[in-house]
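Open the model in your viewer and keep the sequence panel visible. The stops below go from a sheet outwards to the whole chain.

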Amino acid sequence: AIPTLDLSTARDLGLEHASMTQWNQVQQLEIKFLEQVDQFYDDNFPMEIRHLLAQWIENQDWEAASNNETMATILLQNLLIQLDDQLGRVSKEKNLLLIHNLKRIRKVLQGKFHGNPMHVAVVISNCLREERRILAAANMPVQGPLEKSLQSSSVSERQRNVEHKVSAIKNSVQMTEQDAKYLEDLQDEFDYRYKTIQTMDQSDKNNALMNQEVLTLQEMLNSLDFKRKETLSKMTQIVNETDLLMNSMLIEELQDWKRRQQIACIGGPLHNGLDQLQNCFTLLAESLFQLRRQLEKLEEQSTKMTYEGDPIPLQRMHLLERVTFLIYNLFKNSFVVERQPCMPTHPQRPMVLKTLIQFTVKLRLLIKLPELNYQVKVKASIDKNVSTLSNRRFVLCGTHVKAMSIEESSNGSLSVEFRHLQPKEMKSSAGSKGNENLVFFNNPPSATLSQLLEVMSWQFSSYVGRGLNSDQLNMLAEKLTVQSNYSDGHLTWAKFCKEHLPGKSFTFWTWLEAILDLIKKHILPLWIDGYVMGFVSKEKERLLLKDKMPGTFLLRFSESHLGGITFTWVDHSENGEVRFHSVEPYNKGRLSALPFADILRDYKVIMAENIPENPLKYLYPDIPKDKAFGKHYSSQPCEVARPTERGDKGYVPSVFIPISTIRSDSTEPQSPSDLLPMSPSVYAVLRENLSPATIETAMKSPYSAE
C-alpha cells in the first residue's frame with residue numbers, strides 16, 4: 001500500500017501549492033467534513049498527488065476521459081509527467097520523505113493503471129465530484145428529516161456504546177487469559193507435588209510430613225477446581241455479552257451504515273464509519289479467537305488431570321460450540337459491499353446498471369487478522385430468484401470470480417474489486433413478455449414531500465456540486481403540490497414522474513432532469529458559485545426585482561421549456577413605471593455555441609431609437625455583473641477593429657453578439673437571444689452609418705435568424 005497523506009499534515013510536509021481553488025476550499029472545511037474527504041483518498045489516488053497537482057488536476061476533464069480511452073491514456077501520461085516535474089522540484093529541496101513517497105506512488109500508479117487508463121480517470125473524476133458534494137453539504141446548514149435521522153445524538157451515543165462494550169469484552173478476555181495462565185501454573189505445581197509423593201518410599205508415606213503434603217495437595221486441588229469453575233463462568237459471561245452485543249447493537253450499527261450507504265447512492269451525504277465498524281469487528285474477532293484458544297488449553301489441562309466433578313468436560317464443549325458459532329456469524333456479517341455497483345460512464349447514478357455496459361463493485365471483509373492469511377475467493381452472480389420473479393433472466397459477462405487481497409485496500413483489510421463486469425439479458429421464453437415488470441415498480445410506495453425535497457437537493461449536491469436552499473425547495477414544493485402553503489403530505493410515484501405537469505407536455509422529473517443536465521454541461525461554475533437562483537416563479541421574480549435598481553437581473557430556469565435558462569431584468573419607463581423584461585430561454589443548443597457568462601457580458605438590446613446597450617448591470621440583489629461573472633468569461637471583450645485592420649490570416653476578427661429588440665409598445669424582447677455573427681468592426685461601422693431604426697428593421701428581416 002502507498003503511504004497516504006493526512007490533510008492536517010499537508011502543510012507540514014512542505015506541500016503548499018499556489019492557486020488551488022477547489023482544493024483550498026476543501027482544506028478549510030471543519031474536521032467532520034475533512035474526515036469524509038479522507039475516506040475516498042487511498043492508494044488508487046493518493047492525497048499527495050491531489051495536493052501537489054491540485055490546479056492541474058482541476059483543469060483537466062476527467063469525466064470525459066472516463067469514457068474515452070485515447071483521452072484517458074494521454075491524461076495518464078501527462079499525470080506521470082507532472083509527477084516527474086514535482087519529483088525534480090522536491091529533489092532540489094532535499095525532502096527525503098516526500099521524494100521516497102512520490103517515487104513509490106509513481107511506480108504503483110504506472111503499474112496499476114498502465115493497462116486501464118480509463119480507470120484512473122474514473123477514480124479522479126469521482127474524487128473531484130465527492131469533494132464538490134462535501135463542499136456543498138458544508139455550505140448547506142439546513143438539514144432535512146432523513147439527514148437529521150442519520151446524524152441524531154442517539155445514533156452517535158449507540159456508536160460510542162458499541163465501541164465501549166467491544167473494548168470491555170477485549171479487556172475481559174485478557175483477564176481470562178491471565179486466569180488460564182494461572183490455572184496452568186497451579187496445575188503444573190500440583191502435578192509436580194503429586195509426582196513427588198508418588199516417588200517417596202512406602203515408609204515415608206506414613207510420617208507427619210507426608211500427611212501435611214497430602215493436605216496441601218487437597219487444598220491445591222480444591223483451589224484448582226474453584227479456579228476452573230470461576231474461569232469457565234467468566235468465559236460464559238463473555239460469550240453471553242458478545243452474543244448480545246453482536247445480535248443487537250453491532251448488527252444494528254452495521255444496518256445503519258448500510259442505510260447511510262443507500263442514502264449516499266441517491267445523492268445523500270457521504271456515508272462513513274466503516275473503518276470504525278472494522279475496528280469493532282476486528283476486536284471482537286480477536287477476542288473470540290483468543291477465547292477459543294483458551295478453551296483449547298483448558299482441554300489440554302483436563303486431559304492431563306481430571307477428577308470427579310471436573311467442570312471442564314461438562315462445560316467446555318458447549319462453550320466452544322457457542323464461540324465457533326459467534327465467529328461464523330461475525331464473519332458472515334463482516335462481508336460487506338464497500339462500493340455499490342456503478343457504471344464508470346454514470347458515476348453519479350450508482351446501482352443503475354445497463355446491459356452490456358461495464359460496471360465496478362468493491363467488497364470488503366471487516367475483520368483484519370493475521371489468521372486470515374489464506375485465500376478467500378468471491379464469486380459475483382445474478383440473484384436467480386429475482387430474475388425468476390420478473391420473468392427476465394440475466395447473466396454476468398467478464399471475470400466474476402476473484403480472490404480477496406490486502407493489495408486491493410489502503411488499510412490492509414481483505415478486499416476485492418470487480419472492474420469489468422457486464423450484465424447481459426438472456427432471451428425470454430415465448431409468452432413471458434407480457435408478464436414483465438409485474439413485480440418491479442408495480443406499486444411503489446408514496447413519499448412525504450419533505451423526504452422527496454431532501455432527496456432532490458441531494459441529487460443537485462451530488463451531481464452538480466451544490467444543493468438547493470429553502471427558497472428553491474419551496475418553489476419545487478409549490479410546483480409539485482400546486483399550492484403556495486403546502487403541507488407535508490404524501491406524493492405518489494405517478495405524480496412525480498408519470499403524470500404531466502398542468503398545461504405541459506412533460507412530467508416533473510423530466511423537467512427537473514433536463515435542468516440537471518443543463519447545469520452539468522453548460523453553467524456548472526455559475527451554479528456552484530450560487531449565482532443561479534434558478535427555481536423561482538415569475539410572480540416571485542417580479543416581487544424580488546420591483547424595488548431594485550434599474551438593470552438588476554436574476555437567472556431562473558424556464559418552466560415551459562425543457563432544459564432552458566432565462567434572465568429577467570428590471571428598468572423604469574420615462575414616467576417611472578416599473579418594467580420587467582425576460583429573454584427567451586437559452587437551451588443547450590444555443591449554449592453550445594456561446595458560453596452563458598459571455599452571453600451575459602455581451603448581451604445587447606435595442607429599444608426604440610436608442611443605441612444598442614447591455615441592460616444587465618447588477619445580479620440580484622446588488623452584485624455588479626462583472627464582479628459576479630468576470631472570472632467565468634471565456635475571454636475579454638474584443639476591441640472594435642476597423643474594416644481595414646486585419647486579424648489572423650488576413651481575416652477581420654468576428655464575434656457572436658446576442659441581441660434582442662424591444663418595441664416601444666412591448667416590455668418583452670421580440671427575438672431574444674438570437675446569436676448574430678457580426679465582427680466588431682462591422683458593428684462599429686453600422687452604428688456610425690445607420691440609424692438605430694434601420695438596424696432594427698434589418699433585425700426583423702426573415703433572414704436575420706439564419
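Two strands count as paired here if DSSP finds at least two bridges between them. The model is a predicted one, and that criterion applies to the first stop.

**Stop 1: strands 9 and 10.** Select residues 552-557, which are strand 9, and residues 565-572, which are strand 10; the two run antiparallel and are joined by 5 bridges. Show leucine 554 and look across to strand 10, where threonine 568 stands opposite. Strands of a sheet pair through backbone hydrogen bonds, in either a parallel or an antiparallel arrangement.

**Stop 2: the rest of that sheet.** Extend the selection to the open sheet of 5 strands, ordered 11-10-9-13-14, with mixed pairing. Which strands stand at the edges? They are strand 11 (578-582) and strand 14 (623-624); each has a single partner strand, so one side of each lacks a neighbour in the sheet.

**Stop 3: helices on the sheet.** Add helix 18, which lies across strand 9 and strand 10 and runs at about 150° to strand 9. Then add residues 538-545, helix 19, which packs on the sheet and touches strand 9, strand 10 and strand 11. The direction of helix 19 makes about 160° with that of strand 9.

**Stop 4: tryptophan 509.** Stay with helix 18, residues 508-528, and pick out tryptophan 509 within it. Is tryptophan 509 buried or partly exposed? Its relative accessibility is 21%, and buried means under 20%, so tryptophan 509 counts as partly exposed. Now select phenylalanine 496: its C-alpha is 6.2 Å from that of tryptophan 509, with their positions 13 residues apart in sequence.

**Stop 5: strand 6 and its partners.** Move to residues 415-426, strand 6, which pairs antiparallel with strand 2 (residues 359-365) over 5 bridges. In that pairing, phenylalanine 359 has leucine 421 of strand 6 as its bridge partner. Strand 6 also pairs in the antiparallel sense with strand 4 (residues 393-397), again over 5 bridges. There, phenylalanine 394 is bridged to glutamate 425 in strand 6.

**Stop 6: residues 281-308.** An unreviewed UniProt entry lists this stretch as "coiled-coil region". In the model the stretch is 86% helix and 0% strand, and its end C-alpha atoms lie 39 Å apart.

**Stop 7: the whole protein.** Clear the selection and show all 706 residues, of which 45% are buried. The protein has 24 helices and 16 strands. Among contacts between residues at least 6 apart in sequence, 70% join residues at least 24 apart. Turn on the accessible surface: it comes to about 36800 Å², with 52% belonging to carbon and sulfur atoms.

Methods. Residues numbered from 1 in each chain as written. Predicted model: local features only at pLDDT ≥ 70, side-chain atom pairs only at ≥ 80, totals over all residues. Heavy atoms only, no water. Helix = DSSP H or I, 4+ residues; strand = E, 2+ residues; numbered from the N terminus. Buried < 20%, exposed > 50% of the residue type's maximum accessible area, 1.4 Å probe, protein only. UniProt positions renumbered as here; feature names shortened; annotations may be inferred. Contact = heavy atoms within 4.5 Å. Axes fitted to C-alpha atoms, helices over the stretch in contact; angles between N-to-C directions. Areas by Shrake-Rupley, 256 points an atom, 1.4 Å probe, with all protein chains shown as cover.
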